Amino acid sequence: MSSTLEHSHRTPAAAPAMAIRTAPGLRTGALARAQHYIDDHLFVPLRLDDVANAACVSRYHFSRCFTMSMGMTFVEYVARRRIDAARSALERDPAVQLAGLATELGFCDQAHFNKVFRRISGTTPRRYALRLSRVSPCGTASACAHP
């Protein structure tokens, strides 16, 4: 029998303990570093290479394992975090200018921002803001008893 075949028939106990992974995806520390980097750079263009470097893994490993860890791709995760930030901004000020908000959140233009917002939220940013402006401080429709 050749040495290659003998090597492939080794028992798992012969492998070093650190090489065995019980859960797929990024290690907890690498995932935390990536999420922290994304949150700190959410308002500027994010590159996969930069986030992978922050997580201390190769871009290919990061891309594959990030998807396994988060249940979505890196691009989808960043889009969702940006839309979360947009919702927060609209909740603070429903009259905010959407073109400026889109640029501030790192979208190339308002049309792209609207498309991503609608895909994730099920409504456009303007409709979301209008719905917020119709809600009074008591949390109900504007026919509330509060002045």
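This briefing looks at how some helices of the structure above meet, and at its largest pocket. Keep in mind as you read that the model is predicted. Three helix pairs come up: helix 2 with helix 3, helix 2 with helix 4, and helix 5 with helix 7. Helices 5 and 7 then return in the pocket, since each of them supplies at least two residues of its lining.

**Helix 2 and helix 3**

- Start with helix 2, residues 28-40, and helix 3, residues 48-55: their axes come within 7 Å and cross at roughly 135°.
- Angles from 65 to 115 degrees count as roughly perpendicular and those over 145 as roughly antiparallel, so this pair is called oblique.
- The crossing of helix 2 past helix 3 is right-handed.
- On the helix 2 side, Ala-30, Arg-33, Ala-34, Tyr-37 and Ile-38 make the contact, and they meet Asp-50, Val-51, Ala-54 and Ala-55 of helix 3.
- Sorted by class, this contact has seven nonpolar residues, two charged ones and no polar ones.

**Helix 2 and helix 4**

- Helix 2 also meets helix 4, residues 59-70, where the axes come within 11 Å and cross at roughly 95°.
- These two helices are therefore roughly perpendicular to each other.
- Helix 2 brings Leu-31, Ala-34, Gln-35 and Ile-38 to this contact, while helix 4 brings Phe-62, Phe-66, Ser-69 and Met-70.
- Six of the residues here are nonpolar and two are polar, with no charged residues.
- Look out for Ala-34 and Ile-38 of helix 2: they take part in the contact with helix 3 and in the contact with helix 4.

**Helix 5 and helix 7**

- The axes of helix 5 and helix 7 come within 10 Å, and they cross at roughly 95°.
- This pair is therefore roughly perpendicular as well.
- From helix 5, the contact uses Glu-76, Ala-79, Arg-80, Ile-83, Ala-86, Arg-87 and Leu-90; from helix 7, it uses Phe-113, Val-116, Phe-117, Arg-119, Ile-120 and Ser-121.
- Eight residues of this contact are nonpolar, four are charged and one is polar.

**The largest pocket**

- The largest pocket holds about 240 Å³ of space.
- It is lined by 14 residues, and those closest to its centre are Val-75, Val-78, Ala-79, Arg-82 and His-112.
- Helix 5 (74-92) and helix 7 (110-121) each supply at least two lining residues, and helix 5 gives the most, with six.
- By class, the lining has nine nonpolar, three charged and two polar residues.
- Ala-79 is worth finding in the structure: it is among the residues closest to the pocket centre, and it also belongs to the contact of helix 5 with helix 7.

Conventions. Residues numbered from 1 in each chain as written. Predicted model: local features only at pLDDT ≥ 70, side-chain atom pairs only at ≥ 80, totals over all residues. Heavy atoms only, no water. 1 Å grid on protein atoms, 1.4 Å probe; cavity = no way out; pocket = protein on both sides within 12 Å on 5 of 7 lines; lining within 4 Å. Points joined across faces, edges and corners; volume = space filled by probe spheres on them. Helix = DSSP H or I, 4+ residues; strand = E, 2+ residues; numbered from the N terminus. Nonpolar A, V, L, I, M, F, W, Y, C, P; charged D, E, K, R; others polar. Axes fitted to C-alpha atoms, helices over the stretch in contact; angles between N-to-C directions. Parallel < 35°, antiparallel > 145°, perpendicular 65-115°, else oblique. Left-handed = near helix turned anticlockwise from the far one by under 90°. Contact = heavy atoms within 4.5 Å.
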